[in-house]
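Colleague: I should be grateful for a close look at one part of this model, followed by a connected account of the parts around it. Please begin with the contact between chains and proceed from there.

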Amino acid sequence: MSLDVLFNQFMSGIARGALLFLVASGLSLTFGVLRVLNFSHGSLYMLGAFLCYSIWAHLLLPALGFYLATILSALIMGAAGLLIELFLLRRLYNRGWPEQLLATYALILIITDLVKWRWGGEFLSIPRPKPFTGAIFLFDFPFPAYNLFVIGLGAALAVFLWWLVYRTRLGDIIRAAAHDREMVSALGIPIPWLFTWIFVLGSVIAGLSGAVAAPFGSVALGMDIEIIVECFAVVVIGGMGSLPGTLLGAFVVGQVYSFGIMYKPELALAFIFMVMAIVLIIRPWGIFGRPER
Amino acid sequence: MQAGWLKQAWWLILAAVVGILAPHIISEFYLMILGEALIMSIFALAFNLLFGYMGQLSFGQAAFYGLGGYTVAMLLTKLQFNFWLSLVAGILVAGIVGLIVGYFCVKLRGIYFAILTLAFGQLLFVIIYKWHDFTGGDDGIQGVFPPEALKAPISYYYFILIVFAASVYLLWKVVNSPFGYVLKAMRENPERTEFLGINIARYQLMAFVMAAALSGLAGALWAPFYRSVAPFHLMWVKSGEPVMATILGGSTTFFGPVVGTFLMTFLHAYVLGFTYFWPVIMGSFILVVIFLLPGGILGFAQEKLRERSFKAMTPEGRDQDAP
Amino acid sequence: MLLETRGLTKDFGRLRAVNSVSLEVSQGDVHAIIGPNGAGKSTYFNLITGYHVPTSGEVIFKGRRITRLPSHKRCKLGITRSFQITSVFPKLTVYEGVLLALLSSKGITLNPLSRAMNYFKDEVWHILEDVGLAEQARVRGDSLSHGDKKRWELAITLGTGPELLLLDEPTCGMSPEETEATMVLIQKLAEERGLTILFTEHDMGVVFGIAKRISVLHQGMLIADGEPQAVRASEEVQKVYLGGVA
């Protein structure tokens, strides 16, 4: 196993990790503030991918088409998130976590059939957009240029979120609300609207990541469960509701996935679970998480 | 207490009579659906052991159901194993895998527990699906036959009925036992229960294994019934069926999941007549119940009965506001 | 000496909630821990019961180091606590709650087949009568009045058969009559059942009424410890605590 091969796999892992970070950060954000785990986050991701495909196929613009489709899907998923929060989630904030989980689980069921109804059971794909169509060479190995785009996007989101959460007033409110909801409310900050916008942001991120994932692999039913399971692995390993945790978790899962595929493709998921199992035994609250007590 | 028991028992006796006479009343088509409802009821009761009685959501029960079915299917078709021993093997395999999966799941609670069950369920599904050489992959396994004595639909139906009755009896004993009380306490207040000297993780694991084994039993019954198994039996959508059934019937009563399953099974059979879009119906029902009929059908009925008996109390009792 | 803490310290990040508290609790005592809000009383209790792991220091019970023992094991050894927030078991009846405690303390909880209600009938009724909840036996937790919930808390803790009973603000939210009745009850139970009681309280009347020994915490530190008269007379205590809001 030569160094170049290893490095290549490593970079693939980074790309995969970047995509995972994109998805998982939305989940982590809404959970951190709203304290509701949106089971349907993966469904929004999948919808984002399918929507991106349809818009792109409709626009028929060579390079711009994909980027436009991506932005549009993200915005549409944001709107979907708005509807979900206003009409579903809001009524569940004062109910227990079981109802919240069950309702978002019900959403997965509904959305999965929605996708099946609208797009059927095919595997759809989008070719990589210009200028990321080719490959660049790392150590004489071709590395898809699109991967760099995804990595760049992941890094950009990480920076954006870090800036948002740690450097803006909104971020202060977010962190305070994550700690003590009543206090924030007592300070006159309208919690309901805060929650709505955070959820919308999370949905936009979900839609965006789905769209970005489309040229990465194939767009198909089952993306929702597949990605949510990997997201869970990310947050279990990294620690829930923590930005650095999500980053680390995404990195780890991306690497395990990449090297797992190289070793034995069918077992890639199993390897991820093994790592998750180890973390659960040694440190159940995740690497950057804090124990409940 | 004795009078109360008899009052409750009348519908139980009625149900038993109906169950026994069913093959002579309804057509074979409906008998198959009834059999399916009974099997899925065991599945739902297993789910509710964890949810209604212990307070934890498991979204991956189908994995154990599927493992039970696959074990029986593989033993019967590949090794021509004894039918009865295969059933036992199905339960054991499901239980052992439940032990392994549960070991990790019980390290967490609430949301995280639920997440993990979904994740492990998916992992098991992927393993069965991809291991083509061993399990047949997405072709599934066909030609799973019960022994001669049980091949006729009516015979197998009675077999299912007996196993169902036995499972119900067993579960009833469990939830009213000291162990069952610990489960209920963990549901209400895990922290307080810990301070009663209970190792929460250990008890949750035991319940988890029980639920896995019971789900495996349901799957083991299923395979010879429908003569085949396929990977979709382990899919996350399948895991949603006991969830929907339990929510619909109500998780707060013992028989809620059974009522919900019967409704769901007949609805499913009806719907399949004109559409494949079953998940959307499941999801919609779950939402409708959560928002409009919390506690499900039996839970709702129970609340109404309590309110009525409250009002029928002594004048002092009536003066107090209903809870 | 039943319980001893040596240099027990708990930090939450930069906040030192409990600062090197060394304390002895003697068998048979009714021992009060008092202090203003935020003094660290609850945290100290949590360290003794195992809810928190201390940053440093030791907890020794009956001569055995239990500092890192999980809560449920400490309970089996004989330490039980009642909780300030009385949510207890909303959907269980009063009877069932006490029965559960007894089932656990007698180690029957692994039994999955016999009927729970068949066990310990006498013991449950005995406890319910002692505590004054016999009439409410069939009432569910979420239907109890506040005072009754507190008594149920007490009944459940009795069911676990403790040697050391930690009561966190046992009369919180009670009327003067209820408070009096509860403290009399606690004292009676301590004598009858040979319990050692460690409790926190805000009501000074209650504390000086029944405590045989008082320890005062302030900002996580132990500033006084001894018999009620001595503590009351202590200048520091008066300055910090008794002089201000009681």
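**From the chain contact to the cores and sheets**

Modeller: Between chain B and chain A the count of salt bridges is zero. The model is a predicted one, and this contact draws 42 residues from chain B and 38 residues from chain A. Together the two chains bury about 3,700 Å², and 84% of that area lies on carbon and sulfur atoms.

One residue that reaches across from chain A to chain B is A:Phe39. Setting aside sequence neighbours within four places, its contacts in chain A are A:Leu101, A:Thr104, A:Tyr105, A:Ile108, A:Ile228 and A:Phe232. In chain B, A:Phe39 is in contact with B:Phe59, B:Ala114, B:Ile115 and B:Leu118. The next residue to consider is A:Ser40, placed in the loop between α1 (3-34) and α2 (41-59) of chain A. A:Ser40 has a relative accessible area of 0%, so it counts as buried, the limit being under 20%. With neighbours within four places again left aside, A:Ser40 is in contact with A:Thr104, A:Leu107 and A:Ile108.

A:Phe39 also has a prominent place in the largest nonpolar core, which holds 260 residues. A:Leu37, A:Phe39, B:Phe59 and C:Phe199 are the members that touch the most others in this core. Its largest share, 15 residues, is supplied by helix α11 (residues 200-226) of chain B. Another core, of 22 residues, lies apart from it and includes C:Phe45, C:Leu47, C:Phe61 and C:Leu217. In soluble globular proteins, nonpolar side chains tend to be buried together.

C:Phe199 leads on to the strands of chain C, since it belongs to β8(C), where it stands opposite C:Ala32. C:Ala32 is part of strand β3 (residues 30-34) of chain C, and because five of the five residues of this strand are buried, β3(C) is largely enclosed by the rest of the structure. The cover extends to both faces: C:Val30, C:Ala32 and C:Ile34 are buried on one side, and C:His31 and C:Ile33 on the other. β3(C) pairs in the parallel sense with β8 (residues 196-200) of chain C over four bridges. A parallel pairing, again over four bridges, joins β3(C) to strand β9 (residues 213-218) of chain C; here C:His31 stands opposite C:Arg213.

Chain C also contains an open sheet of four strands in the order β2-β1-β4-β5, with antiparallel pairing. Its edges are β2 (15-25) and β5 (64-65), each with a single partner strand, so one side of each has no neighbour in the sheet. Within the sheet, β1 (residues 3-12) and β4 (residues 56-61) of chain C run antiparallel and are joined by five bridges, and C:Glu4 stands opposite C:Ile60. Helix α1 (residues 41-49) of chain C packs on this sheet and touches β1, β2 and β4 of chain C. The direction of this helix makes about 115 degrees with that of β1(C).

A last position returns the account to chain B: B:Ala165 lies in helix α8 (residues 153-175) of that chain. Its relative accessibility is 44%, and B:Ala165 therefore counts as partly exposed, whereas A:Ser40 is buried. The C-alpha atoms of B:Ala165 and B:His233 are separated by 24 Å, the two residues being 68 residues apart along the chain.

How values were computed
Residues numbered from 1 in each chain as written. Chains lettered and ligands numbered in written order. Predicted model: local features only at pLDDT ≥ 70, side-chain atom pairs only at ≥ 80, totals over all residues. Heavy atoms only, no water. Buried < 20%, exposed > 50% of the residue type's maximum accessible area, 1.4 Å probe, protein only. Helix = DSSP H or I, 4+ residues; strand = E, 2+ residues; numbered from the N terminus. Pairing = 2+ DSSP bridges. Core = buried A, V, L, I, M, F, W, Y, C linked by side-chain atoms within 4.5 Å. Contact = heavy atoms within 4.5 Å. Axes fitted to C-alpha atoms, helices over the stretch in contact; angles between N-to-C directions. Buried area = accessible area lost by both parts, 1.4 Å probe. Salt bridge = Lys/Arg side-chain N within 4 Å of Asp/Glu carboxyl O.
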